[in-house]
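Me: Hi! I've got a new structure open and I'd like to talk it through. Can you help me find my way around?

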Amino acid sequence: MSFWGQLNLMDPASPIQAEMLLFHDHAMVLLIGIFTFVALIGVNLVFNSFSSRTMHEAQQLETIWTIVPALLLLWLALPSLRLLYLLDEQSGSGIVLKSTGHQWYWSYEVPAANIESFDSYMVQEPDLQYGDYRLLEVDNRASLPFDMSTTVIATSADVLHAWTLPSMGVKMDAVPGRLNTMGMFIESPGIYYGQCSEICGANHSFMPIVVEAVDIVDFLA
Ligand SMILES: [Cu+2]
């Protein structure tokens, strides 16, 4: 992949991540509005001649400037709650990817396809092929079918790790002795990259995550 391809954020490849992007834009509308308003008032204050210094109260104004921010907060909170509950949805499909964090690599299991645990190590720099992403390629990719609901389970064998796949809107702690679960819906075939997102030790930066989304027929084959 090209240099320029690495400078922007990854495109969403799941409905949840697309929703998160929309929510980000939604929040930015409010933030830019508030920042602009406050900046205008600030500038106005500099040139203010204090013509209303004898005014002690303004009930109507105070009512308005209490209610309007409350409504704005509601406007932010409701879509946020909706997204929170959407994130919690679990798929009913039996296709589960179990990922176990180790210091410092991931191992995967796909019980539905009878794939027993295999390790996924980062490709070292001298072994990279032309066009590979440095620090992101792995020797064994996890494979999942696209266009259907899947479930990812994360756990750890040693310390805290975090299984993260930005294009899917998945970021989940991998905790020893505990199984964390998130639903995932991959919309299109492709190769998706992520990284461990919990400072887990010396080689934390060198345990990337790669999921290859394939056709269900190829997946089962
Ligand atoms: Cu880690």
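Me: Let's start with α1. How many of its 32 residues are buried?

Reply: Happy to help! Keep in mind that this is a predicted model. Of the 32 residues in α1, the number buried is one, so the helix lies largely in the open.

Me: Where does α1 run, and what span should it have?

Reply: Helix α1 covers residues 15–46. At 1.5 Å a residue it should span 46 Å, and its end C-alpha atoms are 47 Å apart, which agrees.

Me: Which residues does UniProt list as "transmembrane region"?

Reply: The unreviewed UniProt entry places that feature at residues 27–47 and 67–87. In the model, residues 27–47 are 95% helix and 0% strand, with end C-alpha atoms 31 Å apart. Residues 67–87 are 100% helix and 0% strand, and their end C-alpha atoms lie 30 Å apart.

Me: OK, switching to domains. What does the domain assignment give?

Reply: Domain 1 is made of 15–47 + 56–87, and domain 2 is 96–220. Their C-alpha centres lie 37 Å apart.

Me: How many residues of each domain are in contact?

Reply: Four residues of domain 1 are in contact with five residues of domain 2. On the domain 1 side, the touching residues divide into three nonpolar, one polar and no charged.

Me: What does UniProt say about residues 92–221?

Reply: The unreviewed entry lists them as "domain: Cytochrome oxidase subunit II copper A binding". In the model this span is 4% helix and 46% strand, and its end C-alpha atoms lie 22 Å apart.

Me: Now the inside. How many residues are in the largest nonpolar core?

Reply: That core has 32 residues, and those with the most contacts inside it are Leu144 and Val211. Several strands give two or more residues to the core, including β2 (105–110), β4 (142–145) and β8 (180–185). The largest share, four residues, comes from β10.

Me: Leu144 sounds busy. What does it touch?

Reply: Leaving out residues up to four places away in sequence, Leu144 touches Ile95, Leu97, Thr150, Ile186, Val211, Ala213 and Phe219.

Me: And leucine 136, where is that?

Reply: Leucine 136 is in the loop between β3 (115–120) and β4. With 18 other C-beta atoms within 10 Å, leucine 136 is partly exposed; a buried residue would need 20 or more. Apart from neighbours within four places in sequence, leucine 136 is in contact with Tyr193 and Pro208. The C-alpha atoms of leucine 136 and valine 210 are separated by 7.6 Å, although these residues are 74 residues apart along the chain.

Me: Any backbone oddities? Which peptide bond is cis?

Reply: First, some background: most residues other than glycine have a negative phi, and most peptide bonds are trans. Here, the bond from glutamine 103 to tryptophan 104 is cis, with omega near -5°. Tryptophan 104 lies in the loop between β1 (96–102) and β2.

Me: What about phi of leucine 135 and aspartate 147?

Reply: Leucine 135 has a positive phi, near 70°, and aspartate 147 has a positive one near 65°. Leucine 135 sits in the loop between β3 and β4, while aspartate 147 is in the loop between β4 and β5.

Me: Is aspartate 147 buried or exposed?

Reply: Aspartate 147 is exposed, with 12 other C-beta atoms within 10 Å. Leucine 135 is partly exposed, with 16 other C-beta atoms within 10 Å.

Definitions and conventions: Residues numbered from 1 in each chain as written. Predicted model: local features only at pLDDT ≥ 70, side-chain atom pairs only at ≥ 80, totals over all residues. UniProt positions renumbered as here; feature names shortened; annotations may be inferred. Expected span 1.5 Å × (residues − 1). Domains from an automatic or database assignment. Contact = placed C-beta atoms within 7 Å. Nonpolar A, V, L, I, M, F, W, Y, C, P; charged D, E, K, R; others polar. Core = buried A, V, L, I, M, F, W, Y, C linked by C-beta atoms within 7 Å.
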